[in-house]
Amino acid sequence: FEQAAALSNPVPRTPQTQERARQLFAVNCAICHGRDGRGQSVVAQHFVQAGFVPPADLASPRVRQRTDGQLYWIVAHGLGNMPPFQDLLTDEQLWTVVYFIREVQGQ
């Protein structure tokens, strides 16, 4: 994770990439993080009711402080209750999802 901090996103950020990021997020991430990435979803409510840490609000200061490389690593390998996506998404798709996270943050 620490070494991932120095990684840069190799996927060019274009309008097409950003649209693809939205699509990938909608299919793979929104169920837990909510459609807008703010951590509000039915699944998040179940986590809270069961006494588990809910999915992160992707605009939170904690997520904002992560580098693109760290976000890529978390999506690929999972963290806490979040499962790994490295076997479901290609490297390019993992990096593309990072652009949606940045969009949620207004970046």
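**Exercise 1. Which residue's side chain does the side chain of Arg22 join in a polar contact, and at what distance?** Keep in mind that this is a predicted model. Place Arg22 in its helix, then work through its contacts.

*Solution.*
- Step 1: start with the helix. Arg22 sits in α1, which covers residues 15-28.
- Step 2: list the contacts, skipping neighbours within four places in sequence. That leaves Phe100 and Glu103.
- Step 3: look for the polar pair. The side chains of Arg22 and Glu103 are joined by a polar contact of 3.0 Å.
- Step 4: check exposure. Arg22 has a relative accessible area of 33%, so it goes down as partly exposed.

**Exercise 2. Is Arg102 buried or exposed?** Find its helix and its polar partner too.

*Solution.*
- Step 1: Arg102 belongs to helix α6, residues 91-104.
- Step 2: its relative accessibility is 8%, and the cut-off for buried is under 20%, so Arg102 counts as buried.
- Step 3: now the surroundings. Leaving out residues up to four places away in sequence, Arg102 touches Arg13, Val63, Arg64, Arg66, Thr67, Asp68, Leu71 and Gln107.
- Step 4: pick out the polar partner. The Arg102 side chain makes a polar contact of 2.7 Å with the side chain of Asp68.

**Exercise 3. Which residues touch the most other members of the largest nonpolar core?** Then work out which elements build that core.

*Solution.*
- Step 1: the core has 24 residues, and Leu94, Val97 and Ile101 touch the most other members.
- Step 2: elements giving two or more residues to this core are α1, α5 (68-77) and α6.
- Step 3: α6 supplies the largest share, eight residues.
- Step 4: zoom in on Val97. Beyond residues up to four places away in sequence, Val97 touches Leu24, Cys29, Val75 and Leu89.
- Background: nonpolar side chains tend to be buried together in soluble globular proteins.

**Exercise 4. How many disulfides does the count come to?** Go through Cys29 and Cys32 to see how they fare.

*Solution.*
- Step 1: the count comes to zero disulfides.
- Step 2: take Cys29, whose nearest cysteine sulfur is that of Cys32, 8.6 Å away. A disulfide needs the sulfur atoms within 2.5 Å, so Cys29 is in no disulfide.
- Step 3: flip it around. For Cys32 the nearest cysteine sulfur is that of Cys29, again 8.6 Å away, and Cys32 is in no disulfide.
- Step 4: finish with exposure. Cys29 is buried at 10% relative accessibility, whereas Cys32 is partly exposed at 25%.

Conventions: Residues are numbered from 1 along each chain as its sequence is written. This is a predicted model: local features need pLDDT of at least 70, side-chain atom pairs count only at pLDDT 80 or more; totals for chains, interfaces and linings use all residues. Side-chain values use heavy atoms; hydrogens and water are left out. Helices (H or I, at least four residues) and strands (E, at least two) are DSSP runs, numbered from the N terminus. Buried means under 20% relative accessible area, exposed over 50%, partly exposed in between (1.4 Å probe, protein chains only). Contact means heavy atoms within 4.5 Å. A polar contact is a pair of N or O atoms within 3.5 Å; within protein, one must be able to donate a hydrogen and the other to accept it, and residues adjacent in sequence count only if both atoms are side-chain atoms. A nonpolar core is a set of buried Ala, Val, Leu, Ile, Met, Phe, Trp, Tyr and Cys residues joined through side-chain atoms within 4.5 Å.
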